[in-house]
Structures are given as structure tokens and as C-alpha cells.
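Visitor: Could you take me through one part of this model up close, and then show me what lies around it?

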Amino acid sequence: MAPSNDVDGFQQALRRSQHIIVIAGAGLSAASGIPTFRGAGGMWRSLDATNLATPEAFKENPSLVWQFYHHRRVKAFEAQPNPAHLLLARLSIPSFLRKVAPAAKTFNLITQNVDRLSIRAVETIATEQAFQPNLKKIDRIKTNNIIEMHGRLFDVKCTSCDHSYEDLSNPLCPALGAADEQFANYHDAGSKDIDISETELPRCPKCGALARPGVVWFGEKPLMLDEINQLVFKADMCLVIGTSSTVHPAAGYAYRVKRRGGTVAVFNLEPSEGDEKADFVFRGPCEVELPRALGISSDETAEDRQNSGNVEIVQ
Ligand code: NAD
């Protein structure tokens, strides 16, 4: 049967769901100004981004790959969570989740994104709530239900001793900041390559070896696969948001849910791999389609505020 775009049918299926998972990709962050890897946004200095996000590219030219990641870090620093991130963050609040899925026992977000915007959305909501007057109940908003399976742009990992740590400094080292400025001043930027020596690139604070971006590159093993497999096994509802569903293993999760009798709903601007097997496909920007299909807004109404109580972040 062809997938449906019926909002009522989707909302009924959601109301019956007990274990909901979201598989998110770069399209979730597109409205925050972070380019996806497909189409025009996937080019950086006239190079294909997917060819730079590999261990081989880093081995061959760590200077170039670090400059690419410096650029992505700056973009992610500047970005703000969009309505789709905020809506998903609100679904981490049990009282809010119950409005759309009264039978739900679990809600987990598995994201391929490395921009940390899903976590920032939770932090944004917790901060807003903390300033709401007249709230008595304590409700919990969790970040431990967000799995960033491809790591984070802000993590840095040693290539020798594997020491890994979060570093929010910008630029990470003076040479990366200087290269960015120098590049911006070129007239024919596409043909230039700025070479930074390895000694000037980020180094491990523990052993002094060359450090690398703490993200999972194409060809490397994603993080927390056992935990993800357990969630996928249990799920009876899977929302697939803003992913081309071409990068494995994430691309296969929705149809494992489907094979076990669960429901799959795809939210994407364009056709994506496996759409024909989904129960629902909502075509359009997820920051618009997600609130529409769920029948709720990413903002809270006055009534929501009264009912959701004070919010604590539980790690
Ligand atoms: P992708 O680039 O392969 O596909 C993006 C998908 O999002 C496309 O199918 C596109 O049609 C859709 N899309 C674009 N704008 C949308 C919107 N507003 N609403 C709904 N859909 C929209 O991304 P992918 O499937 O996540 O796989 C690429 C890999 O690149 C992943 O491993 C990911 O880690 C990485 N990546 C991450 C980021 C990020 O952290 N924001 C950005 C680029 C790439």
C-alpha cells in the first residue's frame, strides 16, 4: 500500500504507540542554517563534504580536514535550535508526550547529527521553564534519551592515546582561525589550499600527539550501537526525520521497526530511500510538517505551561 499523508491516521497511530523512536538526520538542522551533505549545501570550498568526512582524507591531509571541521564548528556555534528541534525536546517532557501519545512509555531520539542542537533544544526549554512563575509540579526533561550516534563536532579525540574531550574554544587553535581569515581574503578562493603544519593543528593535552575531530567518519563504527539496537527492537513507532536514509546502519532502523509490526512515518523535503515502505510520508520542511502532523506547536500554550510544571534536566 502506498504511504499515506493523512494527519488523523498518523495521530491515531501515535496515540496507540508505547515505544517511540526518532531517527534524525541533517535535514532536522537545515532550518538552523547547517547545510546537509546532499545537494549544493554539501560543497565546501568547491570540495565534496562527504569526501572530507573520512579517516583516509584526514590521514592524507589533516590540515584540510581540520579546516573543514573548524568551518562546521563555527556554523554549529552560530546556529540555534529550530522549531523541529524544540518540538522533539518538548516530547522529552512526560506530560507533554502524553498529550500526543498517551500510551507512550518511552521516547528516544537517535540522531546522526553532530551539531549538538538537539541537546541545546532541551537546554533551551529547561531554561525557559525555569523562569515560568506559579509552577509547582516537577517534571523531568531528559537528555539521556538523546543518542548522538555520530559523535559531536565539539569533541576532540587523540589519534594516539584515544583521549577524548569536549572543547568549546573557538578557534580550537590560532592556526585554524588564521587560515579561515586568510582564505576569506582570497579572490579566487576555490583554487587555493592553505597548508597548516601538523605541529600547529590541535594536539592532545595528555600525550601531545595530533588530535582529530571527535566525530564518527564514513567507514567508522557509530557510537552506542548496542543501546540503539535495544531501542529499535522495542519500538512500535519510528519517526524518520530529515535523513536521506543512505548512511548505514541508521538507514536500516525504520524498516526493522516495520518488519516487527511497528509504524514508520517519514518527514522529508524530498523523496528518500525506502519511502515506499513507510506507513506515512509527510513531504515538506520538518520544522513545519512535524508540528502540523503532531497537531501541536513548538511553542507552549498558556495551558501547557500550567500543566507541565517545573522542568528539571535529568542526564
Ligand atoms: P543527508 O545530507 O544525506 O540528507 C539530508 C536529508 O534531509 C535529505 O534527504 C533532504 O531531502 C532532507 N532535508 C533537507 N532539508 C530538510 C528539511 N528542512 N526538512 C526535512 N528534510 C530535509 O543527511 P543524513 O541522512 O543525515 O546523512 C549524512 C551524514 O552526514 C550523517 O552521517 C550526518 O552525521 C552527517 N551530517 C550531519 C550534519 C549535522 O550535524 N547537522 C550536517 C551534515 C551532515
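Guide: Gladly! Let's start at Arg116, which is buried, with a relative accessible area of 16%. Here buried means under 20% relative accessible area, exposed over 50%, and partly exposed in between, with a 1.4 Å probe and protein chains only. Areas come from the Shrake-Rupley method with that 1.4 Å probe, and for residues only the protein chains shown count as cover. Before we go on, please keep in mind that this is a predicted model: local features need pLDDT of at least 70 and side-chain atom pairs pLDDT 80 or more, while totals for chains, interfaces and linings use all residues. Residues are numbered from 1 along each chain as its sequence is written, and side-chain values use heavy atoms, with hydrogens and water left out.

The backbone of Arg116 deserves a look too: its phi is near 65 degrees, a positive value in a residue other than glycine. Arg116 sits in the loop between β4 and α7 (117-130). Helices (H or I, at least four residues) and strands (E, at least two) are DSSP runs, numbered from the N terminus.

Follow the chain back from that loop and you reach β4 (residues 106-111), which pairs with β1 in the parallel sense over 6 bridges. Two strands count as paired if DSSP finds at least two bridges between them. One point of register is His19, whose bridge partner in β4 is Thr106. On β10 (residues 237-241), β1 (residues 19-24) has another parallel partner, joined through 5 bridges. There, Ile20 stands opposite Met237.

These strands belong to an open, parallel sheet of 6 strands in the order β6-β4-β1-β10-β11-β12. β6 (146-148) and β12 (280-283) stand at the edges with a single partner strand each, so one side of each has no neighbour in the sheet. From one strand to the next, the twist averages 15 degrees; axes are lines fitted to C-alpha atoms, for helices over the stretch in contact, and angles run from 0 to 180 degrees between N-to-C directions.

How many of the residues of β1 are buried? The count is 6 of 6, making the strand mostly covered. In a regular strand the side chains alternate between the two faces of the sheet. In β1 both faces are covered, with His19, Ile21 and Ile23 buried on one side and Ile20, Val22 and Ala24 buried on the other. Helix α10 (residues 250-259) lies across β1, β10 and β11 (263-268), running at about 145 degrees to β11; contact here means heavy atoms within 4.5 Å.

The loop that leads from β10 to α10 has two features of its own. Ser245 is found in it, with phi near 55 degrees, again a positive value in a residue other than glycine. Like Arg116, which is buried, Ser245 is buried, at a relative accessible area of 10%. Pro249 belongs to that loop between β10 and α10 as well, and a cis peptide bond, with omega about 10 degrees, joins it to His248. Another cis bond links Asn170 and Pro171, with omega about 0 degrees; Pro171 is in the loop between β8 and α8 (174-184). For a contrast in exposure, try Gly261 in the loop between α10 and β11: it is exposed, with a relative accessible area of 64%.

Now to the ligand. Of the 27 residues around it, Arg38, Gln112, Thr243, Ser244 and Asn268 come nearest, where a residue is near if one of its heavy atoms lies within 4 Å. An oxygen atom of the ligand is 2.3 Å from a polar backbone atom of Gln112. For Ala26, a ligand oxygen is 2.8 Å from a polar backbone atom. For His150, an N or O atom of the side chain is 2.8 Å from a ligand oxygen. A polar contact is a pair of N or O atoms within 3.5 Å. Taken alone, the ligand exposes 850 Å², and the protein buries 94% of that.

One last stop is a second sheet. It is open and antiparallel, with 3 strands in the order β8-β7-β9, and its edge strands β8 (164-166) and β9 (211-215) each pair on one side only. β7 (residues 151-158) joins β9 through 4 antiparallel bridges, with Lys157 partnered by Arg212 in β9. Across β7 and β9 lies helix α4 (residues 62-78), running at about 140 degrees to β7.

Key: A polar contact is a pair of N or O atoms within 3.5 Å; within protein, one must be able to donate a hydrogen and the other to accept it, and residues adjacent in sequence count only if both atoms are side-chain atoms.
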